[in-house]
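Trainee: I'd like to go through this one with you before I set anything up. Could you walk me through it?

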Amino acid sequence: MWGPAVLSMLFILQTFLAFIPGQALMVASGYIYGFSGGILITWISLVFGGQMAFWLARRYGRPFAEKWISSEILNRWDKSAAGQGVPFYIVTLVMPFFPNDAMCYVAGLGNMTHRRFLVANTLGRGIASLLTVVVGAFSEKIPGLVWIAVIGFVFLGVFGWIAARRFANSQG
């Protein structure tokens with residue numbers, strides 16, 4: 001009974017504590033609670049944690065955000081995110097190895113509205129949850145599903161790279 005509550009808390013905390021491995025939790029969520037339960041717990045918890053980080057960064061500003069995210073990462077992503085909209089945040093929240101949680105703080109420090117970030121957060125975290133929870137939920141059928149997940153992540157990587165290039169070209 002306490003398992004889903006503890007897992008949800010860990011997902012929320014990983015938004016603030018970088019050493020908690022979010023992707024490993026997502027795979028474990030699928031393995032323990034199956035696809036439907038894993039998606040539900042993961043998606044809701046990640047969106048809630050992301051919205052909390054957004055709101056707290058918006059309310060308390062950069063000094064608060066720098067308690068959780070290094071100033072170098074915030075500076076780098078502030079520049080990349082300037083003038084970007086919902087699609088940019090969806091991509092950054094989906095991409096593995098991106099500072100996904102840092103993007104919640106960056107959005108909160110920027111000009112994006114709460115509602116627009118909620119859309120990006122919900123879609124980005126939903127896609128990420130789907131691609132990662134499926135690995136844990138169907139681990140006994142891993143060979144085929146691993147290829148689907150890898151292709152999905154490669155597709156997202158290419159999409160992110162193209163979007164970043166277009167952004168860089170439009171700025172220069």
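Mentor: What follows is a talk through the salt bridges, the nonpolar cores and a surface patch, and please keep in mind that this is a predicted model.

Trainee: Okay, charges to begin with. How many salt bridges are there?

Mentor: The count comes to 3 salt bridges, and Arg62, Glu66 and Asp78 are linked in a network of them.

Trainee: Where do arginine 62 and glutamate 66 lie?

Mentor: Both lie in helix α2, which covers residues 22–68, and they are 4 residues apart, or about one turn of the helix. Their side chains meet in a salt bridge with an N to O distance of 2.9 Å.

Trainee: Why would a spacing like that suit a pair?

Mentor: An α-helix has 3.6 residues a turn, so residues three or four places apart point the same way.

Trainee: And what about aspartate 78, how far is it from arginine 62?

Mentor: The closest N and O atoms of arginine 62 and aspartate 78 are 2.9 Å apart, and the two form a salt bridge. This pair links distant parts of the chain, since arginine 62 sits in helix α2 and aspartate 78 in helix α3 (residues 71–81), 16 residues apart.

Trainee: Are those three buried, partly exposed or exposed?

Mentor: Arginine 62 counts as partly exposed at 24% relative accessibility, glutamate 66 is partly exposed with a relative accessible area of 37%, and aspartate 78 counts as partly exposed at 26%.

Trainee: Which residues make up the bridge outside that network?

Mentor: Arginine 125 and aspartate 101 do, with their side chains meeting at 3.0 Å, N to O. They also link distant parts of the chain, with arginine 125 in helix α6 (residues 114–137) and aspartate 101 in helix α5 (residues 100–109), 24 residues apart.

Trainee: Buried or exposed, that pair?

Mentor: Arginine 125 counts as buried because its relative accessibility is 4%, and aspartate 101 counts as buried as well because its value is 14%, the cut-off for buried being under 20%.

Trainee: Switching to the inside. How many residues does the largest nonpolar core have?

Mentor: The largest nonpolar core has 30 residues, and those with the most contacts inside it are Tyr89, Met103, Tyr105, Val106 and Phe117. Two or more residues each come from α2, α3, α4, α5 and α6, and the largest share, 7 residues, comes from α4.

Trainee: How covered is α4 itself?

Mentor: Helix α4 spans residues 86–94 and is mostly covered, with 8 of its 9 residues buried; among them are Val86, Phe88, Tyr89 and Ile90.

Trainee: What does tyrosine 89 touch?

Mentor: Leaving aside neighbours within four places in sequence, tyrosine 89 is in contact with Ala81, Gln84, Met103, Val106, Ala107, Met112, Phe117 and Ala120. There is also a second, separate core of 10 residues, which includes Phe11, Leu25, Met26 and Ala128.

Trainee: And isoleucine 73, what are its contacts?

Mentor: Isoleucine 73, which has its place in helix α3, touches Pro99 and Ala102 once residues up to four places away in sequence are set aside. Isoleucine 73 and proline 99 are 26 residues apart in sequence, yet their C-alpha atoms are 8.3 Å apart in space.

Trainee: Last topic, the outside. Which residues make the nonpolar surface patch?

Mentor: Met1, Trp2, Val6, Met9, Leu10 and Leu13 make a nonpolar surface patch of about 690 Å². Methionine 1 is found in the segment before α1 (3–14), and methionine 1 counts as exposed because its relative accessibility is 88%.

Terms used
Residues numbered from 1 in each chain as written. Predicted model: local features only at pLDDT ≥ 70, side-chain atom pairs only at ≥ 80, totals over all residues. Heavy atoms only, no water. Buried < 20%, exposed > 50% of the residue type's maximum accessible area, 1.4 Å probe, protein only. Salt bridge = Lys/Arg side-chain N within 4 Å of Asp/Glu carboxyl O. Patch = residues over 30% accessible without salt bridge, like charges linked within 9 Å, V, L, I, M, F, W, Y side chains within 5 Å. Areas by Shrake-Rupley, 256 points an atom, 1.4 Å probe, with all protein chains shown as cover. Contact = heavy atoms within 4.5 Å. Core = buried A, V, L, I, M, F, W, Y, C linked by side-chain atoms within 4.5 Å.
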